[in-house]
Amino acid sequence: MTAIELEGLTKDYGEVLANDDVSFTVERGEVFGYLGPNGAGKTTTIRTLLGFLSPTAGTARLLGHEITAERELIQAKRRIGYLPDDPSFDEGATGREVLDLHASIKGDERSDELLDLFDPPLDRPIREYSQGNVQKLGIVTAFMHGPDLVILDEPTNGLDPLLKQRFASFVRDERARGVTIFFSSHILGEVRRLCDRVGIIRDGRIVTIEPVEALLDRSGKVVRLKAAEPIPVDALDLPGVHDLEVGQHDAPARESPEVAGTRHGGTTETTGGPDESAASTSATPDTIDECTFTFTGNVNDLLSELSAYRLQDCSIEEAPLEDVFMRFYGGEGDV
Ligand SMILES: Nc1ncnc2c1ncn2[C@@H]1O[C@H](COP(=O)(O)OP(=O)(O)OP(=O)(O)O)[C@@H](O)[C@H]1O
């Protein structure tokens, strides 16, 4: 049996078609990342799945239960945990009182281990909580009853790096226990670390559902090079090199297919250091001291090409999610 099954789920708010014929399945035991820019429709999907919004068309099943049948949804929810994108608890209650209330409604067989891990300050009223502490309490409430399926809307919002790491390792352990986890995120790195598969939504429509490795292979890396001595620009005329920018840059300029710059072979060339205007794209130097580009080829091939030159520094990082969207799906981004 699948954990989540959406069939043509559509939510029209009137002015905005927030989910347009959304269909996909999440298998039992899978960690599934739901990725998309701001306003793409992630929260709408999640809130519709959980019965907080009625779909305009289509339907979905959670753990085999029809979401549009109230009794079935109530039955399913006993085995589901949920963390909203903005967890809100009674401001006057202490963390402990919030947990007691949740325990009385759905059970708390796992709260001790969760409190050990996430450690929200239980004796203080919620109004004194930081955003991170609210999030920690939200994570505890989502998992405390030992659910089979957990739906999390941007779960690492407000968590510090240590807690993010702890959360990532917790999700991996949950997966090993057979728990299905569906979570939305803006952060490709987070999805990469945690997910088996990813679904990308944009403007209410699913643009791809694929294993996370396949997505990352296609999204490429951002490479920054600093040469110890000038490198001929032709050395980077390699398959898989895109958006080459000569000089110091934070990242390659975003480029939709329609606005690609001057290309020679696999490269797009833009001259100029940080203090030159973006319009100065005419002259291409013969040699490069420093450059940034996106690389979608085999990293070992690139390193072997570069081994002929003396480098002072080289970094290879994941392409930002914005670039993934721009590169593969085009159009205006709002990330
Ligand atoms: N209650 C509502 N009434 C009208 N429009 C809404 C409502 N809720 C959301 N929208 C619109 O629906 C679209 C999808 O919003 P949604 O919150 O689902 O996106 P999201 O992907 O979760 O965004 P974010 O990452 O910023 O949380 C947006 O254009 C949003 O403005």
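Twelve positions frame the ligand: Tyr 13, Val 16, Ala 18, Gly 36, Asn 38, Gly 39, Ala 40, Gly 41, Lys 42, Thr 43, Thr 44 and Asp 85 are the residues around it. To be listed here, a residue must have its C-beta atom, placed from the backbone, within 6 Å of the molecule. By class, this shell has 4 nonpolar, 6 polar and 2 charged residues; Ala, Val, Leu, Ile, Met, Phe, Trp, Tyr, Cys and Pro count as nonpolar, Asp, Glu, Lys and Arg as charged, and the others, Gly among them, as polar. Helix 1 (residues 42-49) gives the largest share of the shell, 3 residues.

A word on what you are looking at: this is a predicted model, in which local features need pLDDT of at least 70 and side-chain atom pairs count only at pLDDT 80 or more, while totals for chains, interfaces and linings use all residues. Residues are numbered from 1 along each chain as its sequence is written.

Now step back to the whole chain, which has 10 helices and 16 strands. Helices (H or I, at least four residues) and strands (E, at least two) are DSSP runs, numbered from the N terminus. Of the contacts with a separation of 6 or more, 73% join residues 24 or more positions apart, a contact being two C-beta atoms, placed from the backbone, within 7 Å.

Let us turn to a sheet. Six strands form an open sheet in the order 6-7-8-3-9-10, with mixed pairing; two strands pair if DSSP finds at least two bridges between them. Strand 6 (80-83) and strand 10 (205-211) are at the edges with a single partner strand each, so one side of each has no neighbour in the sheet. On average, neighbouring strands here are turned by 15° against each other, direction ignored. Strand 3 (residues 31-35) and strand 8 (residues 180-185) run parallel and are joined by 5 bridges. Helix 8 (residues 212-219) lies across strand 3, strand 9 (197-202) and strand 10, at about 105° to strand 10; axes are lines fitted to C-alpha atoms, for helices over the stretch in contact, and angles run from 0 to 180 degrees between N-to-C directions.

The pairing of strands 3 and 8 also leads us into the core. Val 31 stands opposite Ile 181 in strand 8, and Ile 181 touches Val 31, Val 150, Leu 152, Val 171, Glu 174 and Arg 175, leaving aside residues up to four places away in sequence. Ile 181 is also among the residues with the most contacts inside the largest nonpolar core, which has 55 residues. Such a core is a set of buried Ala, Val, Leu, Ile, Met, Phe, Trp, Tyr and Cys residues joined through C-beta atoms within 7 Å. Buried means 20 or more other C-beta atoms within 10 Å of a residue's own, exposed means 12 or fewer, and partly exposed lies in between, with C-beta atoms placed from the backbone.

Finally, two residues deserve a look at their backbone. Leu 63, in the loop between strand 4 (57-62) and strand 5 (65-66), has a phi near 50°, a positive value in a residue other than glycine. Leu 63 counts as buried because it has 21 C-beta neighbours inside 10 Å. Asp 243, in strand 12 (residues 241-246), likewise has a positive phi, about 55°, although it is not a glycine. Asp 243 is buried, with 27 other C-beta atoms within 10 Å.
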